[in-house]
Amino acid sequence: MIYAGVTIIVVAIALFIVSFFMQDKIEDIESQVEQLSISTMQDTYQMKKKIKILEEELLSDNLSAKK
């Protein structure tokens, strides 16, 4: 019985130590989501900028065509 208890404690300590050296998968996923979010925001900003330029060109074309 003592051997079983000691074995369980040794295995628990070994797993605890190994857990510090394993790569954290949740941290990797959070990093990927953050990069995706930043990329999406940059794309959205660029699209809005292009749409604004196109709207200004169309507006100026409409004003010059009416004259």
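**Note on a predicted two-helix chain**

1. Start with the charged surface. Asp24, Glu27, Asp28, Glu30 and Glu34 form a negative patch there. The model is predicted, so the patch is a feature of that model. One member, Glu27, sits in helix H2, which runs over residues 25-66. Glu27 has a relative accessibility of 51%. Because the cut-off for exposed is over 50%, Glu27 counts as exposed.

2. Next, the charge balance of the protein chain. There are 7 positive and 10 negative side chains. The centres of these two sets are 13 Å apart.

3. There is also a nonpolar patch on the surface. Its members are Ile9, Ile13, Phe16, Ile17, Phe20 and Phe21. Together they have about 720 Å² of accessible area. Ile9 belongs to helix H1, residues 2-21. The relative accessible area of Ile9 is 52%, so Ile9 is exposed.

4. Val11 is another residue of helix H1. Its class differs from exposed: Val11 is partly exposed, at 43% relative accessible area. Partly exposed covers the range between under 20% for buried and over 50% for exposed, which is why 43% falls there.

5. Now the overall fold. The protein chain has two helices and zero strands. Its radius of gyration is 30 Å. The globule rule gives 11 Å for 67 residues, and 30 Å is well over that, so the chain is more spread out than a compact globule.

6. The extents of the C-alpha trace are worth reading alongside that. Along the principal axes the trace spans about 100 × 15 × 5 Å. A single residue pair adds to the picture. Val11 and Glu56 are 45 residues apart in sequence. Their C-alpha atoms are 69 Å apart in space.

7. Last, burial and surface make-up. What share of the 67 residues in the protein chain is buried? The figure is 0%. Buried here requires under 20% relative accessible area. The accessible surface of the protein chain is about 6,900 Å². Carbon and sulfur atoms account for 68% of that surface.

Note on methods: Residues are numbered from 1 along each chain as its sequence is written. This is a predicted model: local features need pLDDT of at least 70, side-chain atom pairs count only at pLDDT 80 or more; totals for chains, interfaces and linings use all residues. Side-chain values use heavy atoms; hydrogens and water are left out. Patches are made of residues with over 30% relative accessible area and no salt bridge: like charges are joined within 9 Å, nonpolar side chains (Val, Leu, Ile, Met, Phe, Trp, Tyr) within 5 Å. Accessible areas come from the Shrake-Rupley method with a 1.4 Å probe; for residues, only the protein chains shown count as cover. A salt bridge is a side-chain nitrogen of Lys or Arg within 4 Å of a carboxyl oxygen of Asp or Glu. Helices (H or I, at least four residues) and strands (E, at least two) are DSSP runs, numbered from the N terminus. Buried means under 20% relative accessible area, exposed over 50%, partly exposed in between (1.4 Å probe, protein chains only). Lys and Arg count as positive and Asp and Glu as negative; His and the chain ends are not counted. The place of a charge is taken as NZ of Lys, CZ of Arg, CG of Asp or CD of Glu. The radius of gyration is taken over C-alpha atoms; the globule rule is 2.2 Å times the number of residues to the power 0.38.
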